[in-house]
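Load the model in your viewer and switch to a cartoon view. The stops below go from one sheet to the helices on it, and then to the nonpolar cores.

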Amino acid sequence: LIILIWFKILSNFIRVADYYKGITFDYTFWDEFRDYTLYEDSTWAIENLLPLLTTYSVDYVWTYNIDAKPLSYYQTEEIDTLLNPIATNNFYNVMDTNRYGEKRFCQFFIKYQENFILVLGATVHATNDPDRIEKPTGFFFVAKIIDSLYIDKLSIITDSKVALIQQIITDKENMNHAINYLSDYNNQKIGELIFSKNDNFLIEDKKYGIISFIIYVLIIIFILINAVIFINKVISKPLKSIQYSLDYDLPTYIEKLAKKEDEYGNIAKLILEFFRQKEKLKEEIQERQAVEEQLKENLEELRQKNEEINAQSEELEKINEDLEKLSIVASKTENSVIIASSNYEIEFVNEGFLKLYELSQREWNMFENKNLFKITQNQEFEDVINECTQNKKTVFYTIKNKTFKNNFKWVQTTLTPTYDLYGRLEYLIFVESDVTNIKIAEQKITEQNKNINDSIQYAKRIQNALLPASELLTKIFTEYFIFYRPKQIISGDFYWILEKNNFTYFAVADCTGHGVPGAFMSILSISLLNDIIINAKQNFNSAEILEMLREMLIARMHQTQGKGLANNDGLDISFVIIDKNNSQLQFSGAHNPMLIVKNNTIEEIDADMIPVSFATKMKNFSLKNIKYDKDDKFYMFSDGFLDQFGEFNERKYTKKRFKTFVQNMANYNLKEQAQIIEQEFDTWKGAVSQLDDVLVIGFKLNNDTEVL
């Protein structure tokens, strides 16, 4: 194949060059490549661009978007030099990005130590733009170092002695060699490739030396591009057609593919058969639905006729039954029943009424004026009657009534109006229930809730009093913020600080549970930390302090091996000891790491994956010493922010997303960061309930003072 291509190129060099240019553009027609330049999917780049280094033996692969922003940069492991193919201010001079532009491909050289690098570039287009009319979405470059091995291969192909020099030879007359100039992307000559022979072949026709060099490059690119075209045409396009057909439920995408007699054609035929069977099934379902609808209409029509026949005979019987039932219910029910006429005269009361209002039948009979407005004790009774009669609907109300023996009872009333055939008010029916016990219980519950809330509010004041005062934080952290949001009124998260012997001890912790249980654990943990540091007769490191805290907590909580893990309450913590005199910091952590932003890069200081409590495998905590600069920013936090579910994507925020967020906001001062992080949490959470206590603290240890 290479020999045939060789003679083809020699016979018609210009024609081959034009064909080569068109093939290069075909490579940029990948829709996936276009989507990558638009949406910057790093996973796709690693899976599809990075393998080009080894698959096609190139040394560099670059990708840029339309704004000349670098998207990906890969190079072989043997190369330790970072290069950019084109300076940003010269980018658009090399390849025209305007509509109807013609510069869609470029070739140039870059000086690299004692050698040169051959760079090939092309613009990125969608497959629906085969003529490259539309503006491209990005740029793609590959490069190969012209080293000694490359020169040796070129010497064998041309049967010449090949020399690569970085200076331009001015005197070229009567020289027994051919020269190929190497130009950079500004079309400036930066070197020469010289072909020498012992005979006069090159003197007679030096242009073959240049052609031989170009042909060798074209052969490599031709093989690379044809491999890509083969994959795109034979594998990628059929799979895309099948995917589109299934995604959009349209057989038109695979009708052409189904005519082929290969494995993809067979798959397409099966999918087309599936579509045909699906349409046939839809038609059968529609026919059955039509039959069912017709049957329903017929049954409904029969039912209506049957109802019309029986309506008159059943109506009187039903009325009589209802009256009989109503009479029994009204007289025997425990509820009070009052029936009044349209002029508000009481015509009927049952035994429940007499019992509710502590009245005998004889006493009731002695009443001469039984008008509703004469015997009612409800000051808003007239408004209730008006609402009921004007809206012609049942109303419900609850009032505190006085019985005829001057005892107070809570009465819940249902007032229903009835109307005659002409729409005139006929009766008012009152059904009353004694809800005094319920009201008393509600009042007790309300009082208990108030007492509980008062106790929790008082506990909140106690817990806040145990937290470090802002004056102490300002003294130690010259710039800081605290984002502290308990899930309930009191929290299981806490932060603690103490100064002793020119050292500052600082911790951010997350106790087991939240609310009241978490608050008790936080108070116990703060007490133990104070006891350890204040009573210590020597300067322990951060790992030793956590181990002592674990031992004391296990003892206080009576956690033993025999009891298993039934009582494994404890805390996760990030703990630091700050030595400002030497700009050093010790860190130890249980589950909770620490983030440091240094020179716009973020570093995670890992914590040990063991809690400060009893565990089946008890390991010592690790110690990490950190040298910090004055502009370094530190972030310590509990897991409440990371575990919060979002309103719109229904998943956790995650530590990975949190690290990216912290790095993006690191250029702001910490006062601004306090507002940014609160807004980020509220936007992410939305209407979703807060799942846990949230605590995030950021601080700096330089000499500038700012209080947030």
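Select residues 633–637 and 694–700, which are strands E22 and E23. The two strands run antiparallel and are joined by 5 bridges. To see one pairing, pick Phe637: its bridge partner in E23 is Val696. This is a predicted model.

Now widen the selection to the whole sheet. It is open, has 5 strands in the order E14-E23-E22-E19-E20, and pairs them antiparallel. In general, strands of a sheet pair through backbone hydrogen bonds. Which strands stand at the edges? They are E14 (479–485) and E20 (601–605); each has a single partner strand, so one side of each lacks a neighbour in the sheet. On average, neighbouring strands are turned by 15° against each other, direction ignored.

Next, add residues 655–665, helix H19. H19 packs on the sheet and touches E14, E19 (594–598), E20, E22 and E23. The direction of H19 makes about 140° with that of E20. Then add residues 670–685, helix H20, which also packs on the sheet. H20 touches E14, E22 and E23, and its direction makes about 20° with that of E14.

Stay with H19 and show side chains. Phe658, Phe661, Val662 and Met665 are buried. Look down the helix axis: the buried residues of H19 fall within an arc of 100°, so they line one face of the helix. An α-helix has 3.6 residues a turn, so residues three or four places apart point the same way. Lys656 and Asn664, on the other side of H19, are exposed. What covers the buried residues of H19? The cover includes E14, E19, E20, E22, E23 and helix H20. At the start of H19, select Thr654 and Arg657: a side-chain oxygen of Thr654 comes to within 3.3 Å of the backbone nitrogen of Arg657.

Now turn to the nonpolar cores. The largest has 52 residues. Select Phe477, Trp496, Phe506, Ile573, Phe575, Leu585 and Met594, the members that touch the most others. Helix H17 (residues 515–535) gives the most to this core, with 7 residues. Centre on Phe575 and display its contacts. Leaving aside residues up to four places away in sequence, Phe575 touches several residues, among them Trp496, Tyr505, Phe506, Leu529, Ile545, Leu546, Phe587 and Met636. Polar residues are also touched by Phe575, including Ser542, Gln586 and Ser588.

For the last stop, select Val61, Phe109, Leu182 and Leu193. These belong to a second, separate core of 36 residues.

Definitions and conventions:
Residues are numbered from 1 along each chain as its sequence is written. This is a predicted model: local features need pLDDT of at least 70, side-chain atom pairs count only at pLDDT 80 or more; totals for chains, interfaces and linings use all residues. Side-chain values use heavy atoms; hydrogens and water are left out. A nonpolar core is a set of buried Ala, Val, Leu, Ile, Met, Phe, Trp, Tyr and Cys residues joined through side-chain atoms within 4.5 Å. Buried means under 20% relative accessible area, exposed over 50%, partly exposed in between (1.4 Å probe, protein chains only). Helices (H or I, at least four residues) and strands (E, at least two) are DSSP runs, numbered from the N terminus. Contact means heavy atoms within 4.5 Å. Two strands pair if DSSP finds at least two bridges between them. Axes are lines fitted to C-alpha atoms, for helices over the stretch in contact, and angles run from 0 to 180 degrees between N-to-C directions. The arc is that of the directions from the helix axis to the C-beta atoms. A polar contact is a pair of N or O atoms within 3.5 Å; within protein, one must be able to donate a hydrogen and the other to accept it, and residues adjacent in sequence count only if both atoms are side-chain atoms.
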